[in-house]
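Good morning, everyone, and thank you for making room for me on the agenda. Please have the sequence and the picture open together while I talk.

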Amino acid sequence: LKTKAGAEFSLYGNVRADASYQAEGGSLSRLYNQISTVPLDGNAESSDRLKATLAATRLGLDFKTATQLGDVAGKVEVDFLGANDSLRIRHANLTFGDWLVGQTWSNFAVPDYMPETIDALGYVGGAVKRTPQVRYTHKFNSATNLVFAAEDSKDDSSNMRLPALTARLNHKFTDSLAVSARAMGTEKKTDADTETAWGVGLGAKLDLTDKTMLKADYYHVKGDSSFVSWTNQGFITNANKDIIETNEFDSITVGITQQFSPQWRGTLGYGYMKADQNDGYINALADKTKANKDLWQAWGNVFYSPVKPISLGLEYVYGEREAFGAAPNGSTTGEDNRINAVAIYNF
C-alpha cells in the first residue's frame with residue numbers, strides 16, 4: 001500500500017482485553033501495576049475487586065520512502081492508555097540512516113530484558129519509558145553497536161533546561177547470549193537550584209536451550225525518578241526550592257521463559273528494588289509512608305495461542321512494599337496480590 005505522497009506503509013496492532021481480580025492492591029481504577037503506592041496493611045486496602053479494560057488496544061503504522069540518499073522510514077503507534085482511556089502516542093518517529101528523531105523507547109530504560117508479563121506496565125526492576133529524543137547508532141560490526149541519545153525525560157518534578165544524555169552499548173557474544181550496558185546523566189532543576197542525576201544499567205538475555213530463555217536487568221540510579229518505574233521521588237527541596245537531598249536505589253529483575261509447545265509458553269519472574277538508607281533524605285520526607293525502603297514482586301504466567309493471531313494469558317503476582325514510615329496503626333507494609341488475565345488478537 002502507498003500514501004498520496006508515495007510512501008509505502010503497513011498497518012499493524014492488536015485488540016487487547018485485560019482483566020484482573022485484586023485480592024489486595026492499589027486503589028486506582030486502572031488494573032495495572034501500582035506496587036509503590038498500595039495501601040499499608042489495615043489502612044483502607046483495595047480488596048476483592050474485579051477490574052477490566054480494553055485501553056491497551058494498539059494501532060500502528062510503519063512508513064518507508066526510498067530516496068537517492070537511502071530509505072526514510074517513519075512509525076506512528078498509539079493506544080488508549082491516556083487519561084480517561086483517551087488516545088495516547090506510544091511511538092512517533094522518523095529514521096534515516098543511523099539517526100532517529102521522535103518518540104520511542106528510552107535509550108537508557110529499555111524493556112528488552114524484562115521477563116514477560118501480562119501487566120502492561122511490567123513489574124519492579126523494569127521500565128517501560130518512551131521519550132522524545134534524537135538518537136544516533138554507530139555499528140561496529142554485526143555483533144556490536146553503540147547508541148547515543150539526547151532525551152526529554154518528561155520529569156514533572158524538574159524544570160528541564162537540558163536534555164538527558166544516554167548511552168547504550170549492545171553486544172552479542174554468541175547466538176544465545178546478548179548483553180546491554182547503559183548510562184544516563186541528566187540535570188534536575190528548580191527555580192533556585194540544580195543537581196546532576198545519573199544512572200547505570202546492565203541487561204542480559206541467555207538462551208539456555210532453543211525453548212528456554214533467561215532474562216535479567218539491573219539499574220543503579222541516583223537523583224532521578226523519571227526513567228525507572230516505581231521509585232521514590234528523585235530529590236527533595238526545601239521551602240526555598242533548594243535541592244537538599246536525593247534518592248539513590250538499586251533494582252533488579254530476573255525471569256525464565258519456557259516454550260512448552262508451539263501453543264503454550266510460561267514465565268516465572270522476580271523483581272526487587274531497594275533504596276539507600278539515606279537518613280537526610282528520609283527525615284526530609286513530608287510523608288514517610290509514601291516513600292519505600294524496598295519493593296518486591298514475584299509472578300508466574302502461562303500463555304496459550306490456539307491459532308497464530310490469538311493469545312490467551314493467565315498470571316498470578318504477589319508483591320510487597322515496605323515504607324520508611326509507619327501508618328497510625330503501626331503498619332509499614334503494603335501488599336499487591338492479583339490474578340491477571342488477557343486476550344489478544346494481533347493483526
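I will go through the inside, then the surface, and then two loops. Please keep in mind throughout that this is a predicted model.

Let me begin with the inside, where the largest nonpolar core has 15 residues, and where Phe108, Tyr219, Val221 and Val228 are the ones with the most contacts within that core. A second core, separate from it, has 7 residues, among them Ala275, Tyr281, Ile282 and Leu285.

If we take phenylalanine 108 and set aside its neighbours within four places in sequence, its contacts include Tyr219, Val221 and Val228, and they also include residues such as Glu151, Thr166, Arg182 and Gly199.

Valine 110 lies in the loop between β6 (99–105) and β7 (130–139). Is valine 110 buried or exposed? Valine 110 counts as buried, because its relative accessibility is 3%, and the cut-off for that word is under 20%. Not counting residues up to four places away in sequence, valine 110 touches Ala127, Arg168, Arg182, Asp217 and Tyr219. For a sense of distance, valine 110 and valine 72 are 38 residues apart in sequence, and from C-alpha to C-alpha they are 24 Å apart in space.

Now to the surface, where a nonpolar patch of about 770 Å² is formed by Leu11, Val15, Leu54, Leu59, Val307, Ile310, Leu312, Tyr345 and Phe347. Two elements, β1 (8–24) and β18 (310–323), are the ones that give two or more residues to this patch. Leucine 312, one of the patch residues, sits in strand β18, and with a relative accessibility of 36% leucine 312 counts as partly exposed.

Finally, the two loops, for which a little background on backbone angles helps. Most residues other than glycine have a negative phi. Which value does phi take at aspartate 85? Aspartate 85 has a phi near 60°, which is positive, in a residue other than glycine. Aspartate 85 is placed in the loop between β4 (70–79) and β5 (88–96), and it counts as partly exposed because its relative accessibility is 42%.

Lysine 154 likewise is not a glycine and has a positive phi, of about 55°. If you look for lysine 154 in the picture, you will find it in the loop between β8 (144–151) and β9 (164–174), and at 45% relative accessibility it counts as partly exposed.

Technical notes
Residues are numbered from 1 along each chain as its sequence is written. This is a predicted model: local features need pLDDT of at least 70, side-chain atom pairs count only at pLDDT 80 or more; totals for chains, interfaces and linings use all residues. Side-chain values use heavy atoms; hydrogens and water are left out. Patches are made of residues with over 30% relative accessible area and no salt bridge: like charges are joined within 9 Å, nonpolar side chains (Val, Leu, Ile, Met, Phe, Trp, Tyr) within 5 Å. Accessible areas come from the Shrake-Rupley method with a 1.4 Å probe; for residues, only the protein chains shown count as cover. A salt bridge is a side-chain nitrogen of Lys or Arg within 4 Å of a carboxyl oxygen of Asp or Glu. Helices (H or I, at least four residues) and strands (E, at least two) are DSSP runs, numbered from the N terminus. Buried means under 20% relative accessible area, exposed over 50%, partly exposed in between (1.4 Å probe, protein chains only). A nonpolar core is a set of buried Ala, Val, Leu, Ile, Met, Phe, Trp, Tyr and Cys residues joined through side-chain atoms within 4.5 Å. Contact means heavy atoms within 4.5 Å.
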